[in-house]
Amino acid sequence: MKLVMYNDNQPGILTDAGVIDVGDLCPGGGQEAMVHLITNYDDLKSQLEHRASTGATVAGAQLRAPLPSPNKILCMGGNFREFGAREPSPMWGFIKRLHSILNPGGAVVLPDVDANIFHHEAELVLVFGRGGKDIPASEAMDCVFGFTAGVDVSARMPGGSGGRVPNTLPIAEHKSHPTFCPMGPCIVTKDEIADPEKLQITLSVDGELRVNYNTDDLAHSIAESIEYVASIEEISPGDVLFMGTNHQGLGAMQDGDTIEVGVEGVGSFNLTVTDPLKRRWPRGVDEATARDIRESAGGPGRQSRPLPAD
């Protein structure tokens, strides 16, 4: 089943025909409503299935981020093997601020900061259905409710080392600017995904395919990643975990771009990019960063300075 938020953060089901409202099945709206659906899903499942097959669709429904205000946006760093070019490195991660969440169809606004480049990182995102701390890997998948798609927008700052801080999950300010966390289009319940570690992830810019990798390239499994973040942070239902990205398709985000991100089994959504400063970088894949990450054990290293503005 595909659960969504739409219009004024009202809960619904996404079907082939459109969005069907389920607001009468949960209190309030927004995050409270989605957490209610998540934590009471087993009891509500038969009603939701009936509604999905018989309910009327909402005309002109506009999708919103399926989790408008989770307690935490947790993220794994350096969690892919770059198509097998790197051995798994010690786990590390970070947290994005909540004000970075962006709705499907929204605009990423590049801030007035001295960034070398702004990168798009397309990722599989886990949605937690159960909370807790110190969750062992053997129980980790029981805590997963479902999956969504996300983009970890990253401002690469001069002298940055990719944000690696062992044994902690610091707030990554360079990844937490407003609009730097697009998510959508829905939450797919985990029973719909046969194997989340065999999903294709893609990202295109103005129709040009850049990102194209599979989650079978993970350096650390989903269960191991959950065990890691839960050893540091308390997890709540409705929190999310970005699983990290394969960096080989990274490229610059710049003014006027239209970006489509998709996760197999979840779906896809679009976003645009606005830069009031009209900065410019070479288009296409950032091959220098891709090479640096293949050959290093850390995060992004060499980053291109912007070209003169048009």
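**A helix under cover and a sheet with two edges**

Q: What covers the buried residues of helix H4 in this predicted model?
A: Local features here need pLDDT of at least 70, side-chain atom pairs count only at pLDDT 80 or more, and totals for chains, interfaces and linings use all residues of the predicted model. Residues are numbered from 1 along each chain as its sequence is written, and side-chain values use heavy atoms, leaving out hydrogens and water. Helices (H or I, at least four residues) and strands (E, at least two) are DSSP runs, numbered from the N terminus. The cover of H4 includes E5 (73-77), E6 (92-96), E10 (122-128), H3 (137-140), E11 (144-151) and E16 (240-242).

Q: How many of the nine residues of H4 are buried?
A: Buried means under 20% relative accessible area (1.4 Å probe, protein chains only). In H4 that goes for Ile222, Ala223, Ser225, Ile226, Tyr228, Val229 and Ala230. H4 (222-230) is largely enclosed by the rest of the structure, because the buried count is seven.

Q: Are H1 and H2 roughly parallel or roughly perpendicular?
A: The axes of H1 (30-39) and H2 (41-54) come within 6 Å and cross at roughly 95°. From 65 to 115 degrees counts as roughly perpendicular. So H1 and H2 are roughly perpendicular.

Q: Which strands stand at the edges of the open sheet?
A: Five strands line up as E8-E18-E17-E14-E15, with mixed pairing (two strands pair if DSSP finds at least two bridges between them). Two of these strands have a single partner each, so one side of each is left without a neighbour in the sheet: E8 (107-109) and E15 (208-214).

Q: Which residue in E17 is the bridge partner of Leu203?
A: E14 (200-205) and E17 (258-263) pair in the antiparallel sense over five bridges. In E17, Leu203 has as its bridge partner Val261.

Technical notes:
Buried < 20%, exposed > 50% of the residue type's maximum accessible area, 1.4 Å probe, protein only. Contact = heavy atoms within 4.5 Å. Axes fitted to C-alpha atoms, helices over the stretch in contact; angles between N-to-C directions. Parallel < 35°, antiparallel > 145°, perpendicular 65-115°, else oblique.
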